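Visitor: I would like to go through the terms used for this structure and see what each rests on.

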Amino acid sequence: MRRISQLGFLLLFFQTHLYFAQVDPKISSVINQVNIDSLYENLKELTGDKPVKIPNGNVFIYSRANADIGNVYAEEYLQDRFKKYGLTTSLQRFDGGGANIIGIQKGVIKPNQQIIICAHFDDRPYQSFAPGADDNGSGTSAVLEAARILSKYKTDYTIIYALWDNEEIGLLGSGYYARQASSRNDSIIAVINMDMIGWDGNNDNLAEIHTKSISNSNLIAGNLLRINFDYDIGLKFALIEPGSTSSDHSSFWNYNYSAVLLIEGYFSQDFNPRYHTTFDNISFINKPYFEKCAKTAIGTLAYYAKIQTLTSVKPNMPLVYELFQNYPNPFNPSTIIKYNIEKEAHVKLIVYDVLGKEIERIVDQVQKPNAYEVKFDAKKWFPSGVYFYVLNTNEYSSVRKMILVK
């Protein structure tokens with residue numbers, strides 16, 4: 001992370017106690033698989049605490065600074081990790097001598113629409129010993145953990161696991177990728193960037209989400225907040241808008257892509273005092289906090305990628321009544337609601353405001369057993385806030401929450 005000196009930002013705390021949790025068991029399963037021991041093992045290998053195996057044998061990655069041999073070792077190690085998870089893996093070289101490591105997990109329903117989870121793997125200072133545990137071994141470790149877990153699932157959307165090089169000398173790696181993505185007209189739905197998620201010196205569980213009013217960036221920020229709350233992860237969030245441009249998410253803002261940064265207390269009084277020094281090692285990583293940050297990011301990734309959703313179910317599997325979480329959520333001005341009807345029935349799908357007043361009847365008719373998808377458009381006069389949608393038949397009733405953000 002390249003720290004900036006200007007502290008012009010808006011600090012907002014999300015009042016999650018006003019809302020009711022909506023838990024998806026599939027996302028809950030993913031979050032529960034995030035393991036601090038696994039995260040910490042990744043860090044040990046990334047910081048030279050234990051050797052890694054590369055084609056030339058066993059080596060120690062003592063430094064990942066761009067001019068050090070350890071940076072090359074890290075490239076080989078990280079590429080091999082992605083390959084072990086069955087990802088389509090490539091080394092993307094760019095001017096300046098750096099190389100991004102890219103792992104692709106193709107979506108089965110909408111493969112041309114992409115979700116990126118990312119971090120930079122290079123570090124500082126430019127010395128023979130620069131472990132870079134927090135900056136940014138922590139974010140890199142969490143991307144590896146995301147790949148370990150989610151590579152086992154089928155997803156509707158394509159996931160790109162990206163590890164950027166040369167962030168520390170001007171966001172070169174992410175800048176190159178974003179520029180190429182824009183020229184290809186890539187459809188990138190969300191970019192979740194993690195940069196320094198392992199330090200919490202005062203144990204207050206405060207993390208920051210940096211966002212900006214570019215494309216749907218603020219909706220991603222809202223979903224990070226919601227995942228943390230709905231799944232009782234335990235972080236406290238400060239929402240920074242407009243956010244810092246000093247990490248890799250801002251490369252995507254430059255091309256009008258939706259992106260956010262998850263980081264520890266960057267603007268608070270608890271920023272890591274050892275970053276960019278030889279003392280940024282794993283002994284100062286706050287394990288519970290590190291795990292919570294990883295869980296929030298990976299849970300949000302699972303939400304966006306649509307793991308094992310109805311659209312991914314094999315056609316010969318029997319249908320059961322089910323109402324799914326709308327997508328996107330939060331939304332503006334429209335969102336998609338999916339549901340499953342087991343038997344022919346008179347189906348009602350109704351939207352209510354937070355006071356229980358019916359505001360729109362989306363469906364009110366007899367429907368045959370099938371999977372259905374409907375679009376809900378918020379009217380111009382609908383205020384921002386919490387709404388509920390209810391699915392009713394004579395045998396089944398279910399309610400879910402959605403959030404309109406204007």
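The exchange below takes up helix packing, burial and aromatic pairs in a predicted model.

Visitor: Why is H2 called oblique to H4?
Guide: The axes of H2 (residues 36-46) and H4 (residues 133-150) cross at roughly 130° and come within 9 Å. Angles over 145 degrees count as roughly antiparallel and 65 to 115 as roughly perpendicular. The value of roughly 130° falls in neither range, so H2 is oblique to H4. The crossing of H2 and H4 is right-handed.

Visitor: Which residues make the contact of H2 with H4?
Guide: From H2 come Ser38, Leu39, Asn42, Leu43 and Leu46. They meet Ala133, Gly137, Ser138, Thr140, Ser141, Ala142, Leu144, Glu145 and Arg148 of H4. By class, the residues of this contact are six nonpolar, six polar and two charged.

Visitor: What makes H2 largely enclosed by the rest of the structure?
Guide: Eight of its eleven residues are buried, so H2 counts as largely enclosed. The buried residues are Ile36, Ser38, Leu39, Tyr40, Asn42, Leu43, Glu45 and Leu46. They pack against strand S2 (52-54), helix H3 (69-84), H4 and H8.

Visitor: Why are H4 and H8 called oblique to each other?
Guide: Their axes are 10 Å apart, at an angle of about 50°. Roughly parallel requires under 35 degrees, and roughly perpendicular starts at 65. An angle of about 50° meets neither condition, so H4 and H8 are oblique. H4 passes H8 in a right-handed crossing. Ser138, Ser141, Ala142, Glu145, Ala146 and Leu150 of H4 contact Phe290, Ala294, Ile298, Leu301 and Ala302 of H8. This contact has eight nonpolar, two polar and one charged residues.

Visitor: Why is the pair of Tyr304 and Tyr327 called edge-to-face?
Guide: A pair needs ring centres within 6.5 Å, and edge-to-face needs planes over 60 degrees apart. The centres of Tyr304 and Tyr327 are 6.1 Å apart and the planes stand at 85°, so both conditions are met. The pair links distant parts of the chain, 23 residues apart: Tyr304 is in helix H8 (residues 287-305), and Tyr327 is in the loop between strand S12 (322-323) and strand S13 (334-341).

Visitor: How do you know whether Tyr304 and Tyr327 are buried or exposed?
Guide: Buried means under 20% relative accessible area. Tyr304 has 4%, so Tyr304 is buried. Tyr327 has 14%, so Tyr327 is buried.

Visitor: How many aromatic pairs are there, and which residues do ring pairs link into a cluster?
Guide: The count comes to 20 aromatic pairs. Phe331, Phe376, Trp381, Phe382 and Tyr387 are linked into a cluster by ring pairs.

Key. Residues numbered from 1 in each chain as written. Predicted model: local features only at pLDDT ≥ 70, side-chain atom pairs only at ≥ 80, totals over all residues. Heavy atoms only, no water. Axes fitted to C-alpha atoms, helices over the stretch in contact; angles between N-to-C directions. Helix = DSSP H or I, 4+ residues; strand = E, 2+ residues; numbered from the N terminus. Left-handed = near helix turned anticlockwise from the far one by under 90°. Contact = heavy atoms within 4.5 Å. Nonpolar A, V, L, I, M, F, W, Y, C, P; charged D, E, K, R; others polar. Phe/Tyr/Trp six-rings, centres within 6.5 Å; stacked < 30°, edge-to-face > 60°. Buried < 20%, exposed > 50% of the residue type's maximum accessible area, 1.4 Å probe, protein only.
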